[in-house]
Amino acid sequence: YYKIYIEKIMNTYWLININDNNYNVLKGRSFDILGFPNSYNKLTNKIAKKDNLVFYISTSKVFSGYAEVTSNKFYDDEKIWQEKEISPYRVKIKSKKILSEENYVEASDVVPSLNYVKKWAPEKWELALMNRIHIISHNDFIIIKASIDRAEKKSKRDNKKNRAKKL
């Protein structure tokens with residue numbers, strides 16, 4: 001009984017591996033929905049409201065932002081993504097922080113601190129993130145989130161400096 005109760009109140013943290021094309025689709029939709037292919041149906045049965053997501057753009061090897069899941073998983077076969085498979089298992093999401101492209105965080109700067117990739121040789125860290133979706137620890141989520149937050153703050157400071165120079 002207690003184990004079931006604890007599992008329901010604890011959030012799960014997800015690393016979403018997405019390519020540039022599908023990230024741009026997601027961005028064009030204002031980060032409202034995320035889809036998973038049939039092959040991830042069993043794993044994504046664990047996804048729930050209030051879970052947290054971090055976006056890893058595999059083609060650029062960067063972290064771009066984070067979001068929160070706002071719905072339970074549902075099935076919809078409308079074609080959204082730029083791929084052969086429809087990715088019909090979906091959740092609604094709400095972005096919490098999305099960086100502009102020039103402020104994306106280089107994954108190679110963050111990954112050495114993540115416990116999730118410790119099983120792989122340091123120079124082969126990309127292998128750890130090859131799958132489309134990963135459950136990561138709270139600590140790893142916090143490390144990635146903090147690097148995204150720092151990148152946004154640095155961008156704001158740089159913009160203030162640039163405006164001051166123009167005056």
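Thr44 belongs to helix α3, which spans residues 41–44. The model described here is predicted. Its protein chain contains 5 helices and 8 strands, and these follow one another along the sequence as α-β-α-β-α-β-β-β-β-β-α-β-α. The points below cover the helix α3 site, the overall fold, the pairing of β4, the nonpolar core, Lys61 and the salt bridges.

**Thr44 in helix α3**
- Thr44 has a relative accessible area of 0%, so it counts as buried.
- Leaving aside residues up to four places away in sequence, Thr44 is in contact with Phe36, Lys73 and Ile133.

**Overall architecture**
- The protein chain has 167 residues, of which 41% count as buried.
- Where contacts in the protein chain join residues at least 6 apart in sequence, 70% of them link residues at least 24 apart.
- The protein chain exposes about 10200 Å², and carbon and sulfur atoms supply 50% of this area.

**Strand β4 and its partners**
- All of β4 is buried, 8 of its 8 residues, so the strand is largely enclosed by the rest of the structure.
- Strands β3 and β4 run antiparallel and are joined by 6 bridges; within this pairing, Asn52 stands opposite Glu68 of β4.
- β4 also pairs with β6 in the antiparallel sense, over 5 bridges, and the bridge partner of Val69 in β6 is Ile93.
- A further antiparallel pairing joins β4 to strand β7 (residues 105–106) through 2 bridges, with Val62 standing opposite Glu106 of β7.

**Nonpolar core**
- In soluble globular proteins, nonpolar side chains tend to be buried together.
- The largest nonpolar core of this model comprises 46 residues.
- The core residues that touch the most other members are Leu34, Phe36, Leu53, Phe55, Phe63, Ile93 and Ile144.
- Phe36, listed among these core residues, is also a contact of Thr44.
- Ile93, another of the listed core residues, is the β6 residue that bridges to Val69.
- Not counting residues up to four places away in sequence, Leu34 touches Ile16, Leu26, Leu53, Phe55, Trp81, Tyr89, Arg90, Val91 and Ile93.

**Lys61 in the β3–β4 hairpin**
- Lys61 is located in the loop between β3 (52–57) and β4 (62–69).
- The hairpin of β3 and β4 has 4 residues between the strands, and Lys61 takes a positive phi near 60 degrees there.
- Lys61 is classed as partly exposed because its relative accessible area is 33%.
- Beyond residues up to four places away in sequence, the contacts of Lys61 are Tyr56, Val105, Glu106, Ala107, Trp125 and Glu126.
- One of these contacts, Glu106, is the β7 residue opposite Val62.
- Lys61 and Glu126 are 65 residues apart along the chain, and a distance of 8.3 Å separates their C-alpha atoms.

**Salt bridges**
- Side chains of opposite charge can pair when their charged atoms come close.
- The whole structure holds 8 salt bridges, among them the three described next.
- Lys96 pairs with Glu68, and their closest N and O atoms are 3.9 Å apart. Because Lys96 lies in strand β6 (residues 89–98) and Glu68 in strand β4, this salt bridge ties together parts that are 28 residues apart in sequence. Lys96 is partly exposed at 43% relative accessibility, whereas Glu68 is buried at 16%.
- Arg90 forms a salt bridge with Asp76, with 3.7 Å between the closest N and O atoms. Distant parts of the chain are linked by this pair, as Arg90 is in strand β6 and Asp76 is in the loop between β5 (74–75) and β6, 14 residues apart. Arg90 has a relative accessible area of 0% and is buried, while Asp76 counts as partly exposed at 25%.
- Lys97 and Glu152 meet through their side chains in a salt bridge of 3.0 Å, N to O. Lys97 is in strand β6 and Glu152 in helix α5 (residues 138–166), so the pair connects parts that are 55 residues apart in sequence. Lys97 is buried at 18% relative accessibility, and Glu152 is partly exposed at 22%. Through shared partners, salt bridges join Lys97, Lys145, Asp149 and Glu152 into one network.

Conventions:
Residues are numbered from 1 along each chain as its sequence is written. This is a predicted model: local features need pLDDT of at least 70, side-chain atom pairs count only at pLDDT 80 or more; totals for chains, interfaces and linings use all residues. Side-chain values use heavy atoms; hydrogens and water are left out. Buried means under 20% relative accessible area, exposed over 50%, partly exposed in between (1.4 Å probe, protein chains only). Contact means heavy atoms within 4.5 Å. A salt bridge is a side-chain nitrogen of Lys or Arg within 4 Å of a carboxyl oxygen of Asp or Glu. Accessible areas come from the Shrake-Rupley method with a 1.4 Å probe; for residues, only the protein chains shown count as cover. A nonpolar core is a set of buried Ala, Val, Leu, Ile, Met, Phe, Trp, Tyr and Cys residues joined through side-chain atoms within 4.5 Å. Two strands pair if DSSP finds at least two bridges between them.
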